[in-house]
Amino acid sequence: MTSVSSSDVPPRPDDPDCPDCGETLVHVHTEISSGAFRTQAASMPELPIHFYDCPACGTCWKFATRLLPDPVRQTIRDAEQR
Ligand SMILES: [Zn+2]
């Protein structure tokens with residue numbers, strides 16, 4: 001019996017700490033993206049993007065090569081809380 005399933009999904013790093021308040025972020029979901037425009041996608045390696053929320057201050061983050069704010073999800077989240 002051979003298992004290859006785990007090789008398809010890159011390992012997810014440990015949940016990072018919130019740069020704003022130091023709380024450990026909560027993983028929301030992961031997307032696989034080339035991170036490039038469609039015309040360049042064929043030559044770009046696919047990159048997993050991990051999405052996180054901070055349970056303490058409510059900031060949304062995404063992690064690809066480094067941790068960055070996620071203004072798109074932040075806007076959605078803020079709108080839902082109003
Ligand atoms: Zn925070």
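In the predicted model, strand 2 and strand 3 run antiparallel and are joined by four bridges. One residue pair in this register is F51 with K62, the latter lying in strand 3. The two strands form a hairpin, with six residues between them. Within the turn, G58 adopts a positive phi of about 80 degrees.

This pairing belongs to an open sheet of four strands, arranged in the order 1-2-3-4 with antiparallel pairing. Strand 1 (26–33) and strand 4 (67–69) occupy the edges; each has a single partner strand, so one side of each is left without a neighbour in the sheet. On average, neighbouring strands of the sheet are turned by 25 degrees against each other, direction ignored. Seven antiparallel bridges connect strand 1 with strand 2, and I32 has P48 of strand 2 as its bridge partner. At the other edge, strand 3 and strand 4 pair in the antiparallel sense over three bridges. There, W61 is placed opposite P69 of strand 4. Helix 2 (residues 71–81) packs on the sheet, where it touches strand 2 (47–53), strand 3 and strand 4. The direction of helix 2 makes about 155 degrees with that of strand 3.

Considered as a whole, the protein chain contains two helices and four strands, which follow the pattern α-β-β-β-β-α along the sequence. Of the contacts in the protein chain with a separation of 6 or more, 36% are accounted for by residues 24 or more positions apart.

Burial was assessed over the 82 residues of the protein chain, of which 10% count as buried. In soluble globular proteins, nonpolar side chains tend to be buried together. In the present model, the largest nonpolar core comprises six residues, namely C18, L25, Y52, C60, W61 and F63. Strand 3 (residues 60–63) makes the greatest contribution to this core, supplying three residues. W61 is thus a member of the core as well as the residue that stands opposite P69 in strand 4.

The surroundings of L25, another core residue, were examined with its neighbours within four places in sequence left aside. On this basis, L25 is in contact with D15, P16, D17 and C18, and also with Y52, D53, C54 and W61. Among these contacts of L25 are C18, Y52 and W61, each of which is likewise part of the six-residue core.

Notes. Residues are numbered from 1 along each chain as its sequence is written. This is a predicted model: local features need pLDDT of at least 70, side-chain atom pairs count only at pLDDT 80 or more; totals for chains, interfaces and linings use all residues. A nonpolar core is a set of buried Ala, Val, Leu, Ile, Met, Phe, Trp, Tyr and Cys residues joined through C-beta atoms within 7 Å. A residue is buried if 20 or more other C-beta atoms lie within 10 Å of its own, exposed if 12 or fewer, and partly exposed in between; C-beta atoms are placed from the backbone. Two residues are in contact if their C-beta atoms, placed from the backbone, lie within 7 Å. Two strands pair if DSSP finds at least two bridges between them. Axes are lines fitted to C-alpha atoms, for helices over the stretch in contact, and angles run from 0 to 180 degrees between N-to-C directions.
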